[in-house]
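Student: Please take one buried position in this model and look at it closely, then work outwards from there to the rest of the chain. I would like a connected account that also says how far the coordinates can be trusted.

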Amino acid sequence: MTETTPAPPGVLRSSSIARIVSASLIGTTIEWYDFFLYGSAAALVFNVLFFPSSDPLVGTLIAFITYAIGFAARPLGGVVFGHFGDKIGRKKLLVVSLLMMGGATCAMGLLPTYDTVGIGAPILLTVLRLIQGFALGGEWGGAVLIVSEHGGDKHRGFWASWPQAGAPGGNLLATGVLALLAAVQSEEAFQSWGWRVPFLLSGVLVVIGLWIRVSVSESPVFLAAQAKAEAEIARGAEEKPPVVEVFRHSWREVLGAIGTRFGENISYYILTSFILVYVTTHLELPKSTALNAVLIGSAVHFITIPLWGALSDRLGRKPVTLIGSIGMALWAFAFFALVDSESFTVITLAVTVGLLLHGAMYGPQAAFISEMFDTKVRYSGASMGSQLASIVAGALAPIIAVALLKDYDSGTPIALYLCAAAVITTITVAVIKETRGRDLTRSTRPRT
C-alpha cells in the first residue's frame with residue numbers, strides 16, 4: 001500500500017498494521033527516552049552541575065522548574081504540529097518532531113556546566129528543554145493517530161496502546177542507561193562526564209528511529225479526509241484553521257481529554273521522577289535503589305499497557321480507565337508507606353503496582369482521546385487536550401511534590417495530592433461518553 005492508493009480503514013493486513021505500530025513505538029520510545037532522561041538527570045546531577053545550592057532540595061527544586069518549562073512548551077508544539085498535521089499529514093510531522101527532540105537531547109550532552117560558564121549553562125539547558133517540550137507536544141498526537149487511523153474499530157484500543165508503551169519504554173531505556181553507568185562508575189566519574197553519555201547516545205537512536213519512521217505510509221483516514229476537504233474548498237467552502245474549529249466545536253472534548261489525563265499524568269511523574277528525589281534525599285538511600293525499582297516497574301508497565309488497551313476493546317475505554325484511577329486514589333497512601341520501609345524489594349513492589357494501575361489509565365487513552373475528535377481536527381484536538389493536561393498536571397507534579405516534602409518532611413501530603421488527582425480523573429471519565437467502536441471516518445458534529 002502507498003500513500004496514493006490508501007486502503008479503506010479496517011482492511012489493512014496484520015503485517016501492515018504491525019509495521020505502522022512498530023514505527024510509532026520505536027519513535028515514541030526514543031522521544032520519551034530523551035524527555036525522561038532530563039527528568040532523571042534533574043533529580044540526580046543537574047541540581048549540582050547546573051543549579052548549585054547549599055540546600056540540596058532547593059537545587060533540585062530549581063532543576064525541576066526547568067523540567068517543567070519543557071511541559072510549558074508542549075501545548076505550543078501541540079498547536080503547531082496539530083495544525084500542520086491536520087493539513088499535510090501525520091507522517092511528515094512525526095519525522096520533524098523526532099529530529100528536533102533528538103538534536104536537543106544530544107546537544108545537552110555537550111553543554112558546559114555552571115562551574116565553566118556560569119549563568120550561561122542553565123540558560124542554554126533551559127532553551128534546549130524548551131525545544132524538547134515543543135517537539136514532544138507534537139509527537140504524541142501524531143504517533144497515536146497514525147496507528148488509530150490505520151487500524152479498524154474492533155481492535156483500536158490494543159493497537160493504539162503500543163505507542164503509549166513508548167513512554168515506559170523510553171523511561172526503561174533512560175533509567176537503564178543511568179543505572180548501568182551508576183553501577184560501573186564512581187560517583188565522581190558520573191558527576192564529571194558519565195552523565196553525558198546517555199544524552200549523546202540519543203544521536204544514534206534518532207538515526208535508527210528516522211530510518212524506520214520514514215518507511216511507513218500516511219494514514220488512509222487522513223488522506224480520505226484531505227481529499228474531501230480539497231473538494232469542498234474547490235466548490236467554494238471556507239477553510240478554517242483546525243485550532244479554530246477545535247475551540248468552536250470540540251472544546252468539551254478538549255476538557256474531557258484534560259480530565260482523563262490529569263490523574264494519569266500526575267501519578268506517572270510522582271512514580272518515576274519524584275521517587276528518585278524521595279529515595280535519595282529524604283530516605284538517604286543510594287540512587288541505585290530508586291533507579292532499579294523504577295527500572296523493574298517500567299518493564300512490567302511496558303508489557304501490561306497493551307493488555308489494558310486490549311481489555312478496553314472488550315469492556316470499553318471508561319471501565320478500564322476507572323480501574324486505574326480508582327485504584328491509584330487508593331494506592332497513593334500505600335505507596336508512600338511501602339517506600340518508607342527502605343527495603344528495595346518493598347519499594348520495587350510499591351512502584352510496580354503503582355505503574356500497573358497507571359497503565360490501566362494510560363493503555364486505553366490513545367484510542368479514547370483519538371475517538372473523541374473528528375478527522376479534520378483530530379491531530380489538533382488530541383494534541384491540545386493531552387498537552388494542556390501536561391502543563392496543569394505533569395509539569396507541576398514534581399515541583400509540588402518536592403515543595404510538599406520540603407515543608408512537611410513526609411510523604412503523606414504527597415499521597416493526598418496524588419489521591420486528589422486520581423479522583424479528578426475518576427469524575428471526568430464517569431461523566432464523559434464511551435467511545436469504543438467509533439467509526440473514525442464519520443463526523444460526530446451535526447451538519448450546519
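Tutor: Let us start from S390, which is placed in helix 18 (residues 378-394); helices here are DSSP runs of H or I with at least four residues, strands are runs of E with at least two, and both are numbered from the N terminus. S390 has 0% relative accessibility and therefore counts as buried, a class that means under 20% relative accessible area, whereas exposed means over 50% and partly exposed lies in between, with a 1.4 Å probe and protein chains only. Leaving out residues up to four places away in sequence, S390 touches F71, R74, R261, N265 and A395, where contact means heavy atoms within 4.5 Å.

This is a predicted model, in which local features need pLDDT of at least 70 and side-chain atom pairs count only at pLDDT 80 or more, while totals for chains, interfaces and linings use all residues. Residues are numbered from 1 along each chain as its sequence is written, and side-chain values use heavy atoms, with hydrogens and water left out.

A382 also has its place in helix 18, and it counts as buried because its relative accessibility is 0%. Beyond four places in sequence, A382 touches W140, I369 and F373. A382 and G141 are 241 residues apart along the sequence, yet their C-alpha atoms are 5.9 Å apart in space.

From here the account moves to the nonpolar interior. The largest nonpolar core has 119 residues, and the members that touch the most others are F46, F50, I266, I270, F274, F335 and V339; such a core is a set of buried Ala, Val, Leu, Ile, Met, Phe, Trp, Tyr and Cys residues joined through side-chain atoms within 4.5 Å. Helix 13 (residues 251-282) supplies the largest share of this core, 15 residues. Apart from it lies another core of 10 residues, including V21, A143, I146 and I212. In soluble globular proteins, nonpolar side chains tend to be buried together.

I266 deserves a closer look: setting aside neighbours within four places in sequence, I266 is in contact with A393, G394, A397, Y417, L418 and A421. Of these partners, Y417 lies in helix 20 (residues 412-431), and Y417 is buried because its relative accessible area is 16%. Again without residues up to four places away in sequence, Y417 touches I266, I270, A393, L396, A397, I400 and L404. By contrast, T348 is 69 residues from Y417 along the chain, and their C-alpha atoms are separated by 21 Å.

Helix 7 (residues 156-164) shows how burial can be arranged around a helix, its buried residues being R156, G157, A160, S161, P163 and Q164. They lie on the same side of helix 7, because they cover an arc of only 145° around the axis, the arc being that of the directions from the helix axis to the C-beta atoms.

Two loop residues differ in exposure from S390. E284, in the loop between helix 13 and helix 14 (287-315), counts as exposed because its relative accessibility is 67%, and although E284 is not a glycine, its phi is positive, at about 55°. D409 is found in the loop between helix 19 (397-408) and helix 20, counts as exposed at 55% relative accessibility, and has a positive phi near 55° without being a glycine. Most residues other than glycine have a negative phi.

For the protein as a whole, the secondary structure comes to 20 helices and 0 strands. Its radius of gyration, taken over C-alpha atoms, is 21 Å, close to the 22 Å that the globule rule (2.2 Å times the number of residues to the power 0.38) gives for 448 residues, so the protein is as compact as a globular protein of that length. Of the 448 residues, 60% count as buried, and among contacts between residues at least 6 apart in sequence, 87% join residues at least 24 apart.

As for trust, the mean pLDDT (the predictor's confidence in each residue, from 0 to 100) is 85, and 92% of the residues reach 70 or more. Over residues 1-15, however, pLDDT stays under 50, and the model has 19 contacts beyond four places in sequence for them. Where pLDDT is low, the predicted coordinates should not be read in detail.
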